[in-house]
Amino acid sequence: MCKPFVQKFSLLLTGLFLCLFGSVQAQALLKGVVRDAQKGAIAGASVVIKGTTTGTTTDANGAYTLRLNSGTSDVVYSFVGMTPMTKSVTMDGNDVTLDVALETSAEALQEVIVVGSRASQRTITDSPLPIDVLSAADLVTTGQPTFDRSLQYRVPSFNTVNTPVNDATTLLDPWELRNMGPSRTLILINGKRKNLSSLLYVQFSPGRGETGVDISAIPQQAIKRVEILRDGASAQYGSDAIAGVMNIILKDKYDFTSVNVNTGVTSKGDGGMYNVALNGGSNLGKKGFVNYTVDFMKQNSAVRSGIIDVPTEIATFGDGVGGPQDQLIKAYLKDDPTGGNINGTGKTTAGRFLINAGVDLNDNLQLYGNAAMVVKRVESFANFRTPYWRQDRGLLHSVTDNGGKNYLTAATLAFPKEDNVEMYRGYKGYVPTFEGDLIDYNATVGLKGDNNGWRHDVSLTTGFNSQNYTVDNTVNRSLGKGSPTRFKPGGYEFGHLVGNIDISKQVTDRFGLALGMEARSEFYTINAGDEASYDREGSNSFPGINKLNAGTNKRFNVGAYVDLSYDLTPNFLVNGTFRTENYSDFGNANVWKLSTRYKLADDKVVLRASASTGFRAPTLHQIYAQSVQAAFVGGTIQLSGLFNNRSSQARLLGIPPLTPENSMNYTVGVALNPSKNLSVSLDYYSINVKNRIVYSSSISSSDPTSTLGGILSQAGVRTVQFFINGIQTATSGVDYVVSYRNLIVGRGKVGLNLAGNMVVTNKIVGTPVEPAAIKAAGSSILNTQIKSLLTESRPRYKVIFGADYALGKWNLNLNNTLFGSTAFQDLDNGGSDMENIKAVFKPAVVTDLSVGYIFSKKVTATLNVNNLLNVLPKWSLEAQNEKGRAAINTPEKASLLRGFLGFSGRYDILGYNGSQFSQLGTMFNANVNVKF
């Protein structure tokens with residue numbers, strides 16, 4: 001039943017290309033195994049038809065299959081460090097089996113890496129820069145459902161985690177490389193810039209005040225490999241490449257159609273995940289290829305609500321003297337210890353489509369293109385509005401959710417009959433819901449070729465991301481009984497159009513030249529919500545966007561670069577790049593980069609170093625975003641205004657327009673290749689960022705006659721926030737990778753990998769730049785809470801140790817990820833000693849096990865157990881001074897402090913501001929892949 005449907009679907013999607021470029025000739029399969037001189041299987045070897053781009057790579061057992069047209073073809077077999085081999089193969093319509101053995105070669109080069117120098121493309125061994133390459137198998141064996149989560153358990157310096165208070169971040173979890181935030185790593189797809197998300201992070205979590213690319217939108221089944229340049233690359237690629245560059249290479253040549261079915265669940269039986277992905281395509285004779293992926297995924301919510309600490313809840317909401325309010329809290333939480341909270345991970349439904357194609361127009365010119373689109377919908381919950389917190393009973397009597405459950409007229413509680421308690425009889429409270437709808441797409445079309453040694457690539461890329469929000473089961477208290485219970489708070493859009501021209505030539509055996517230009521236009525749109533969502537107090541839990549703050553803003557920039565590389569000797573390479581950019585909204589930026597590499601001991605030792613300047617242009621989100629947010633402060637909902645840097649309020653406060661960030665990067669490293677199976681690399685990096693853009697603290701004033709007080713009063717908010725080039729940061733650390741493969745154990749082979757990142761420095765240098773009006777109000781743009789998020793919220797170190805064992809049809813993979821400690825320091829809460837202590841998450845090891853079995857050449861299955869030992873984030877209080885130590889040593893105070901940090905225990909497992917890894921515990925995952 002399944003096979004005919006898949007074949008028809010494959011023909012439907014590729015029909016257009018077949019009509020344009022000709023029909024596919026009769027084909028048969030060439031198959032076999034690629035081995036080394038010791039008869040060991042080589043995984044990842046390249047098998048390509050000579051003179052074309054048609055080919056494949058070998059799997060974990062060295063096996064390959066390649067479709068060939070009838071007739072005679074020359075097939076080239078190659079692998080890193082091996083001498084390529086060419087075999088002449090004649091096909092007569094029947095399948096042919098051909099096994100080959102490759103010989104080791106000290107001169108053989110590795111696969112070309114896109115993200116190194118823009119001049120003559122070099123290999124990992126030759127590169128003066130640290131580059132990681134992850135295969136599709138590396139990602140799949142993590143058992144993680146999305147691309148970003150797979151990187152979390154494969155790349156030590158990459159960190160991401162879901163935040164406990166979801167709202168819009170349910171659509172996109174903040175991620176970052178080298179503790180530099182999501183906006184300082186450039187994402188490329190097949191070497192072309194991917195568009196940013198329209199979301200601006202405003203939660204008190206890592207990545208606050210920034211935006212980034214939605215890498216979770218990319219289906220893993222469409223990925224051939226991922227290249228990560230762990231070094232600043234603004235000179236090569238422009239803005240955003242301060243921490244590094246991630247280049248996602250898509251599958252190209254068509255080998256077979258495959259259906260991948262993936263399902264999983266947590267050990268508690270929730271968070272069920274269901275995923276079906278189809279990868280297929282066609283080879284257009286010897287001219288080109290079409291490869292597409294269709295992916296559907298649904299993940300249910302997993303609830304990890306904490307038990308509310310009654311004393312902390314009374315300290316937050318009670319009357320503090322044992323009166324009716326305190327009695328209400330005690331009675332309510334006796335009936336429902338979680339306070340009705342539903343926190344954890346949201347529900348996600350997503351459909352993804354991606355296509356990659358190329359066709360040779362002649363021997364020296366190729367037309368290529370790719371396009372991707374994701375449609376995603378998420379659902380999550382705000383904090384439950386208990387009756388002693390929000391008294392909205394008369395406004396909410398008729399609200400039900402889609403499942404028919406009536407949150408707002410829940411079961412009557414047996415409260416005492418004091419007057420202040422009786423008013424809540426029959427009313428349990430309510431939980432606002434959040435719904436987010438996302439559309440993200442990108443597309444590239446281009447021409448590339450070679451003419452007398454001059455390689456040229458001309459392309460046009462477009463990208464778009466939109467998010468629109470809905471809140472339900474809530475009210476706008478300001479509207480009284482006329483308030484609706486479902487609101488459309490508005491949303492955001494971001495898009496860009498990018499044109500690139502890149503030209504390069506290996507002028508001599510020693511000298512390489514590259515030059516190019518990029519033109520980019522961007523727009524950022526703020527869509528207003530319905531009037532009821534923003535009128536006065538606005539919709540509770542998620543106020544809407546006022547129509548006065550809505551609009552579209554644009555900018556344009558053009559840049560050019562030149563890149564020179566020169567081999568002083570066969571072992572000594574130097575490389576230099578210069579780039580200039582002009583932005584329509586703030587002017588020019590000029591950056592440079594110098595790098596070098598020296599090889600010793602027959603290429604077994606490689607010394608490398610680089611120095612570069614970089615820049616990051618403020619995003620349009622940071623320049624123009626203006627809104628009102630609702631925040632929980634001291635037991636009440638307070639409205640906080642974000643005023644953009646072009647507003648009259650910003651000018652009155654003395655906040656200057658945003659300018660680009662500037663960085664200085666240094667990298668020094670060594671790579672060792674003592675044998676064909678063992679490789680070691682160690683790299684030190686230093687990144688200093690000046691004029692770093694920060695999202696300020698929530699700033700208030702008790703003096704209504706001051707400049708700040710007047711602005712707050714006029715805007716109808718209690719606090720104000722804004723973006724400012726306010727600080728200088730210094731970040732440094734060490735990355736190391738050790739890999740050993742083909743270790744014979746019994747009748748099988750073992751591969752060992754050790755990779756780690758250790759942060760040496762991550763600090764704010766000097767004193768923040770304080771506008772006069774803020775200083776006069778006794779406030780600061782960076783309070784203790786914001787400083788802690790910037791410097792302590794990601795692991796101080798992370799180590800990944802993995803071992804894989806291949807035995808016949810079985811493959812076993814065991815990964816252990818050590819997450820170092822993180823910390824969070826909150827604001828003082830009315831003499832609570834909060835600023836005298838920190839919440840410190842303890843180091844922990846998360847163990848993942850993957851067992852795979854090859855049933856046949858067409859069917860494989862894998863069982864993954866993530867977090868095998870059910871390790872959960874754990875945190876404790878750490879004193880910062882004598883007052884802190886005294887508080888921690890007093891059990892009652894210590895309990896209150898812990899409660900304040902986790903919103904009275906609602907977020908005791910994860911922490912209100914996130915942790916190093918997921919709070920879901922053990923997860924089981926099963927995967928079946930069927931080839932057609």
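Contact here means heavy atoms within 4.5 Å. This is a predicted model, in which local features need pLDDT of at least 70 and side-chain atom pairs count only at pLDDT 80 or more, while totals for chains, interfaces and linings use all residues. Residues are numbered from 1 along each chain as its sequence is written, and side-chain values use heavy atoms, with hydrogens and water left out.

On confidence, the chain averages a pLDDT (the predictor's confidence in each residue, from 0 to 100) of 84, and 87% of the residues score at least 70. Among the elements (DSSP runs numbered from the N terminus: helices H or I, at least four residues; strands E, at least two), strand β24 (residues 454-472) has the highest mean pLDDT, 96, and helix α1 (residues 2-21) the lowest, 43. The pLDDT drops below 50 over residues 106-114, a stretch with 29 contacts beyond near neighbours in sequence. It is also below 50 over residues 397-424, where 54 such contacts turn up in the model. Where pLDDT is low, the predicted coordinates should not be read in detail.

Turning to the interior, the largest nonpolar core (buried Ala, Val, Leu, Ile, Met, Phe, Trp, Tyr and Cys residues joined through side-chain atoms within 4.5 Å) has 52 residues, and Phe-147 and Leu-151 touch the most other members. Buried means under 20% relative accessible area, exposed over 50%, and partly exposed in between, with a 1.4 Å probe and protein chains only. Leaving out residues up to four places away in sequence, Phe-147 touches Leu-139, Ile-215, Ile-218, Gln-220, Ile-223, Val-226, Met-246 and Ile-248. Another core, of 19 residues, lies apart from it and includes Phe-643 and Leu-708.

Further along comes an open, antiparallel sheet of three strands, ordered β40-β41-β44; strands pair if DSSP finds at least two bridges between them. β40 (822-824) and β44 (875-879) are the edges, each with a single partner strand, so one side of each lacks a neighbour in the sheet. Five bridges join β41 (residues 837-841) to β44, with Ile-837 opposite Ala-879.

Strand β41 also holds Lys-838, which counts as buried because its relative accessibility is 13%. The Lys-838 side chain makes a polar contact of 2.2 Å with that of Glu-792; such a contact is a pair of N or O atoms within 3.5 Å, and within protein one must be able to donate a hydrogen and the other to accept it, with residues adjacent in sequence counting only if both atoms are side-chain atoms. Beyond four places in sequence, the contacts of Lys-838 also include Phe-824 and Leu-877.
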